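Q: I want to learn to read this structure feature by feature. Can we start with a sheet, then go on to the chain contacts and the core?

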Amino acid sequence: MGQRIDIKHLNIYYGSFLAVEDVNLEIQANKVTAFIGPSGCGKSTVLRTLDRMHELTPGAHCTGEVLLEGQNLYGKDVDPVAVRRDVGMVFQRPNPFPTMSIRQNVLAGVTLNNRRIAKSDADDLVEWALRGANLWNEVKDRLDVPGIGLSGGQQQRLCIARAVAVHPQVLLMDEPCSALDPISTLAVEDLINELKQDYTIVIVTHNMQQAARIADYTAFFNLQAVGKPGHLEYFADTTTMFNNPQNVEAERYVSGHFG
Amino acid sequence: MSSTLHEPVSGKKADGVFRGVAYACGILILVVLAAVAVFLLVQAWPLIGGNQADVSETIASFTGGRSTNFWSYVGPLFFGTVLVAALALVIAFFVSIGIALFISHYAPKKLATVLSGVVDLLAAIPSVIYGLWGGLVLVPSIYPFWNWVAETLGWIPLFSGPAANPPRTVATVALVLAIMILPIITSMARDIFQQTPKLLEEAALGLGATKWEMIKLAVLPFGRSGVISASMLGLGRALGETMAVLMILAPGMRYSIHLLQASQNQTIAANIAAQYPEANALGVSVLIGTGLVLFVITFLVNLAARRITSKASVKK
Amino acid sequence: MNSPSQQNTGTPVGRGSAAPARAADEAPVIDFDKFKPTRSHVAARKRKDLFMRVLIVLAFAIACIPLVSVLWTTLARGFRRLNWDFLSHNMTNVIGGNPTPSGGYGGILHAVIGTLEITLGAMVISIPVGVLCAVYLIEYAGKSRLADAIHLLVDVMSGIPSIVAGLFAFSMFALLAGPGTLNGFEGSVALSLLMLPTVVKTTEEMLKIVPNDLREASLALGVTKQRTITKVVLRTALPGIVSGAILAIARVIGETAPLLMTAGYIVSTNANLFSGQMTTLPVYVYQEYSKYRANCPADASDGCVTSIPMERAWSAALVLIIIVLILNVIGRVVARVLAPKKK
């Protein structure tokens, strides 16, 4: 089962520059929550604070709280490495490790956590993760070829398999379909729909139709002007967001007036 | 409307001339290398085609009578060259990787920029200065250390004592050469490590990898072929290095692995520079012969490096 | 952070079966407890991470000691004798450790002149040939067998040890100009052999990154290929080529061994590149190092310094480092200044 995330008074900085201001948001367990908004509004930045990838950028830091099932990810003795094990991430462009086979890619995270894994357990896990990512039937006969040899859509699903193999509670996706063709996009969207039974999913997307298709809740981020911090403008269930938003900016955005 | 298609184009002649000159320069490279081979072979010819008795006599005068045959003369030199260069590479390799990783992934950005500049400068420092430093600073001060090594690790043949004082030994030379090639390998390795795609690093970290695990998963596999060719370059530099060896090493002509003892080995390059001023015509031929052997070694090392990098690039 | 929820049998999505003997199209059931990191293993990973971090910082610190020492000793010992007298005199009239009539102890004027002329000679030979060779390889040769052969030979050349380059120049001049010929130009030939592959390679790299659109745009305007190359391609690649050439010069300017056997060594100033021996800075450093001590007779004046050769060696080394440093800085600045202006 997935876990819920509560974001409280989150301010995100790059150096002294305030990039995102005072975000308060409740992300429900086992639901798909989409982040939408114009470029530069900070939606990807917010996403990256949810597994503490944000702080990898030199000078980047944040204040406030991010609670994963009640535990603050930014608590004093919390190790970011442990956070990233519980909160998986799928990136904008597929990024399988080029020197590893498909099988090694899927097992990459698990082998970090364990000294030794029995071969049969590893086989089962690879099959489980690749089935979960709807990739098993396409690659089951060539698990030992390099992951980089797959098509873009297959690579992205391989990356999803790699993320779920660690068995995280939450899956973050940063525009996972932006580098994919329409058919691969559809495959990944179907997959997201299935994955929400086991995981809480947060997805950043540029594509409003995509948000409308797959998300249960949608958060709309906005910014007043270039150089000003982004903020959470409006949060609602997806139907309301796209049919009857109670927010002027959000309505203008979803009806295509800007962005 | 009259067509201009058949009118002569201005600059046509210059076009042809330029093409010809560029072509000639390309060919010139072939000619130059052929010339290198021809001139060296012509000068070395007396070694093969000349009076063998004279050749033996010359070689005997070089070695104090210990050797009269070219191959038995070049053998220990070959051994010494490879020994010194290999030792230098072994010392420099891991340290270089460490510094390169420090600059590319551990140091704060400002410090890393400064360090990069310093490393590039160090890579350009002439070898005669490393030789000067080795001869006047390192040799007088490192004896206690080698002595300690000889006393504690003396049971290993490599370190068997007594340590020479002053330590004008293979160990000291290898250390200086390692310091010399350190910036070269570091600078290339750093460039490669810095090019590691952010995407791969984030993929590793996103799976819950620690920093070192991220380096093992993403950075090192990405940079492997580059690091290997960098070390081959460093090895080539160490093989051909003349001055630092000439200025530090007390030479010998043995197949010896006693690194801490003096007068054990000599390298081909330093031997040429040392014997050259006093050599007669035939002596120069002998030295050129050894130079050709050195050329073949460095050629093979470079060829290996080329193979490794091209194989890696084909894979991608 | 361990997950509080105890859902360890994460069934694959959409398929709920947990039968031990599963059908071929059914996903396996995973007991995720097996893959849970143990507390000790997590600690071990952290320790390893810390250990490697310490090791890497340590590698850096240890390497700093000799490298800083090289720079520092050259600087500290070099400054002692570095003055105008040292820069403006050669080594004539220097007797033992005694001061010369000008009040100094000899100097490096002849070596600086020699270094500059010999390096200039090497530049004049290798830069045009190297650049044009690269132009031929990139713009004309395409993927011919000749291009492959040239590529291979450039690689071979870049591996020539400097002492072999010296032997080559020496044998060439011995055959063409008579045995035992030593002059500055012979040194230039040896150095140009070492520079040529660097120039070809860096120029090639720079020409490769000139976008093809530029060439096509120019050719489409009816400009001839030669003008396209000289006015568009080479102009665009110029900063990279210049800085590459300067870095190549910085590398060969410190070469000692090949000059030892081609240009020779004299104490007086010789400005004629094509006749007579010439001293260069690196050779000067080596020669002074080889002297070890100067002779001071018992009745010598107080000004007689026995350790003067070493002090001269350090000062000449410092001048050499400064020249190399300046060349490096110029190379970088040129690359920046000549770079096509971006908006």
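Q: What is the strand order of the open sheet in chain A?
A: First, a caution: this is a predicted model. To read a sheet, list its strands by neighbour. Here ten strands of chain A run β5-β4-β1-β2-β10-β9-β3-β8-β7-β6, and the pairing is mixed.

Q: Which strands stand at the edges?
A: Look for strands with a single partner. In chain A these are β5 (71–72) and β6 (87–90), so each has one side without a neighbour in the sheet.

Q: How many bridges join β2 to β10 in chain A?
A: Check bridges and direction together. Strand β2 (residues 17–27) and strand β10 (residues 230–237) of chain A run parallel, joined by two bridges. Within this pair, A:E21 sits opposite A:H231 of β10(A).

Q: Which helix packs on the sheet, touching β6 and β7 of chain A?
A: That is α6 (residues 152–165) of chain A. The direction of α6(A) makes about 175 degrees with that of β6(A).

Q: Now the interfaces. How many residues of chain B are in contact with chain A?
A: Count each side separately. Chain B brings 16 residues, and chain A brings 21. On the chain B side, α8 (198–206) and α9 (211–240) are the elements giving two or more residues. The most come from α8(B), with six. By class, that side has nine nonpolar, three polar and four charged residues.

Q: How many residues of chain C are in contact with chain B?
A: Chain C has 70 residues in contact with 66 of chain B. Several helices of chain C each supply at least two residues to that side, including α1 (39–79), α3 (109–141) and α11 (308–338). The largest share is from α1(C), at 19 residues. The class split on the chain C side is 50 nonpolar, eleven polar and nine charged.

Q: Why look for a nonpolar core?
A: In soluble globular proteins, nonpolar side chains tend to be buried together. Now the case here. The largest nonpolar core holds 272 residues; B:A88, B:L177, C:F168 and C:V285 touch the most other members. Helix α4 (residues 70–106) of chain B gives the most to this core, 18 residues.

Q: Which domains of chain C does this core lie between?
A: Domain 1 (38–79) and domain 2 (84–295 + 306–338) of chain C both contribute residues, so the core lies between them.

Q: What does B:A88 touch?
A: Skip residues up to four places away in sequence. B:A88 then touches B:A174, B:L177, B:A178, B:I181 and B:A238. Apart from this core lies another, of six residues, among them C:M91, C:Y105, C:V305 and C:I308.

Terms used:
Residues are numbered from 1 along each chain as its sequence is written. Chains are lettered from A and ligands numbered from 1 in the order in which they are written. This is a predicted model: local features need pLDDT of at least 70, side-chain atom pairs count only at pLDDT 80 or more; totals for chains, interfaces and linings use all residues. A nonpolar core is a set of buried Ala, Val, Leu, Ile, Met, Phe, Trp, Tyr and Cys residues joined through C-beta atoms within 7 Å. A residue is buried if 20 or more other C-beta atoms lie within 10 Å of its own, exposed if 12 or fewer, and partly exposed in between; C-beta atoms are placed from the backbone. Helices (H or I, at least four residues) and strands (E, at least two) are DSSP runs, numbered from the N terminus. Domain bounds come from an automatic or database domain assignment. Two residues are in contact if their C-beta atoms, placed from the backbone, lie within 7 Å. Ala, Val, Leu, Ile, Met, Phe, Trp, Tyr, Cys and Pro count as nonpolar, Asp, Glu, Lys and Arg as charged, and the others, Gly among them, as polar. Two strands pair if DSSP finds at least two bridges between them. Axes are lines fitted to C-alpha atoms, for helices over the stretch in contact, and angles run from 0 to 180 degrees between N-to-C directions.
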